[in-house]
Amino acid sequence: MDVTITGRRIQVTDSFREQVAKKMAELDSRVDKVIRAEVQAQAEPRGSGEAVRVEITLIGKGPVVRAEAIAEDKGQAFDEAFDHLKTRLRKAQDRRRTHRNLRKVGFDEYAPETLATPAEPDTAISVKKVGGLEIQGDGPMVVREKLFWSTPLTLAQALDEMELVGHDFFLYVDADTSLPSVVYRRKAYDYGVIHVKVTE
């Protein structure tokens, strides 16, 4: 596994590099198909002082796995992020073992709602174009846009990837229906899924 360590607004010391190398070597023997690990330490203002955010990302043939933590010291932040990463990997393995027939679990189906007709724009309001989107007046600004490539996934695979990146939702194309879909976390460890069907 190749390990890349970078620092933003913070110096990466030799002792930190040794700490990262030692921990990642421990992980290397337990994780299959990981080609590269990226560890990023970033200084962040916090109250009257400063804290350090450390993010660990595992990249390979399988889904991306990510964990992060914030602490006063970069070594402590790395240890906490590494613990989160191990927990995330263990939970994903446990869930795969206990939910092999996940596709058979029924989810609530949502009937398509009637879409409200957008109101006519007020000619007195200024209109700005940002990234191909028209913003009227002081409306919300698009500050981030992501494009990612993915192959169609089953529901079980989408849940795995959502758990591994630590998000509360995951956007994917369903392998069975070819529909754009979102799986999301509900209360009490339940999940929901929304499929998008375009009306003609």
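A residue is taken as buried when its relative accessible area is under 20%, as exposed when that area is over 50%, and as partly exposed in between. By this criterion Thr6, at 35% relative accessibility, counts as partly exposed. The structure in which Thr6 was examined is a predicted model, and Thr6 has its place in strand β1. The C-alpha atoms of Thr6 and Gln42 lie 8.5 Å apart in space, although the two residues are separated by 36 residues in sequence.

The chain contains three helices and nine strands, which follow one another along the sequence in the pattern β-α-β-β-β-α-β-β-α-β-β-β. Of the 200 residues in the chain, 28% are buried.

Strand β1 belongs to an open sheet of four strands, arranged in the order β1-β2-β3-β4 and with mixed pairing. The edges of this sheet are occupied by β1 (2-8) and β4, and because each has a single partner strand, one side of each is left without a neighbour in the sheet. Direction ignored, neighbouring strands of this sheet are turned by 15° against each other on average. The pairing of β1 with strand β2 (residues 34-46) is in the parallel sense and extends over seven bridges; within it, Ile5 has Val39 of β2 as its bridge partner.

An open sheet of three strands is also present, with the order β7-β8-β9 and antiparallel pairing. Here β7 and β9 (191-195) stand at the edges, and since each is paired with a single strand, one side of each remains without a neighbour in the sheet. The average turn between neighbouring strands of this sheet is 20°, again with direction ignored. Strands β7 and β8 (residues 180-185) run antiparallel and are joined by five bridges, and Leu171 is found opposite Val182 in β8.

Helix α3 is mostly covered, with eight of its eleven residues buried. The buried residues are Leu155, Ala158, Leu159, Asp160, Met162, Glu163, Leu164 and Val165, a set that includes the acidic side chains of Asp160 and Glu163. For Glu163, which is placed in helix α3, the relative accessibility is 13%, and the residue therefore counts as buried. The side chain of Glu163 makes a polar contact, at 2.4 Å, with the side chain of Tyr191. Just after α3, the backbone at Gly166 adopts a positive phi of about 75°.

The largest pocket of the model encloses about 760 Å³ of space. It is lined by 19 residues, of which Arg66, Lys146, Phe148, Val165 and His167 are the closest to its centre. Two or more lining residues are given by each of the elements β4 (65-71), α3 (155-165) and β7 (169-173), and among the elements β7 gives the most, with three residues. Considered by class, the lining comprises nine nonpolar, four polar and six charged residues. Val165 connects two parts of this description, being listed among the buried residues of α3 and also among the residues closest to the centre of the largest pocket.

Methods:
Residues numbered from 1 in each chain as written. Predicted model: local features only at pLDDT ≥ 70, side-chain atom pairs only at ≥ 80, totals over all residues. Heavy atoms only, no water. 1 Å grid on protein atoms, 1.4 Å probe; cavity = no way out; pocket = protein on both sides within 12 Å on 5 of 7 lines; lining within 4 Å. Points joined across faces, edges and corners; volume = space filled by probe spheres on them. Nonpolar A, V, L, I, M, F, W, Y, C, P; charged D, E, K, R; others polar. Buried < 20%, exposed > 50% of the residue type's maximum accessible area, 1.4 Å probe, protein only. Polar contact = N/O pair within 3.5 Å; in protein donor to acceptor, adjacent residues only side chain to side chain. Pairing = 2+ DSSP bridges. Axes fitted to C-alpha atoms, helices over the stretch in contact; angles between N-to-C directions.
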